[in-house]
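Trainee: I would like a close look at a single residue and the part of the fold around that residue. Please take me through it with the criteria spelled out.

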Amino acid sequence: MDYHAPLGCEGAAGLTALWTLGYARNIGYVDFLGTMPYHDNDPNLGFVGSPWERRSGKVGMILPRAFSQWINGYGKAQDISGCSDLEMLECLARGEIIIIWTSSDFAYREVIEEWWGRHFRRDHVMILSNYSSATNSFLVVDPYRGYQWRSWDDMMQTWGKIRNTVRIY
């Protein structure tokens, strides 16, 4: 929000993950968003809309396939959408960063079916950077709310319904 990109969560999450893993340290957020692929109507091929503005009745997002291809220009990413809980936990145990497509604040939202795929009303993209088996919770990096520990149940009530996921390693 500091950059006036209300729909820029994918870029913020991606660049934060890259920086954390030592990639793309020479590019800033605004320039990074400028390199994002765009598409007129299919978020599997690029960002639909603009991260800089909300458009009434329009989806503003990029999905894992196009997102991971974009991130691969700077580091190593793989679309692992549909992965199991165990696969996701194994990635975190190896020190990889997981990018998840969920809803704002993990609040349950309606799942919307489109010709290009499924998404939540009020989609949001966040980072999972760690998992604690002791508390059964994830360390989440939310581009809007910062760092927070969230329960397994919180995450599964949204992410678990669609499982759009990218690992950055």
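Mentor: What follows starts at one side chain and moves outward to the sheet. This is a predicted model, in which local features need pLDDT of at least 70 and side-chain atom pairs count only at pLDDT 80 or more, while totals for chains, interfaces and linings use all residues. Residues are numbered from 1 along each chain as its sequence is written, and side-chain values use heavy atoms, with hydrogens and water left out.

Arginine 167 lies in strand S8, residues 165-168 (strands are DSSP runs of E, at least two residues, and helices runs of H or I, at least four, numbered from the N terminus). Arginine 167 is buried, with a relative accessible area of 13% (buried means under 20%, exposed over 50%, partly exposed in between, with a 1.4 Å probe and protein chains only). Its side chain makes polar contacts with the side chains of glutamine 78, at 2.7 Å, and glutamate 96, at 2.8 Å; such a contact is a pair of N or O atoms within 3.5 Å, where within protein one must be able to donate a hydrogen and the other to accept it, and residues adjacent in sequence count only if both atoms are side-chain atoms.

Turning to the sheet, six strands form an open, antiparallel arrangement in the order S1-S8-S2-S5-S6-S7, where two strands pair if DSSP finds at least two bridges between them. Strands S1 (77-79) and S7 (146-151) are the edges, each pairing on one side only. Four bridges join S8 to the antiparallel strand S2, residues 97-103, and isoleucine 97 stands opposite isoleucine 168 in S8.
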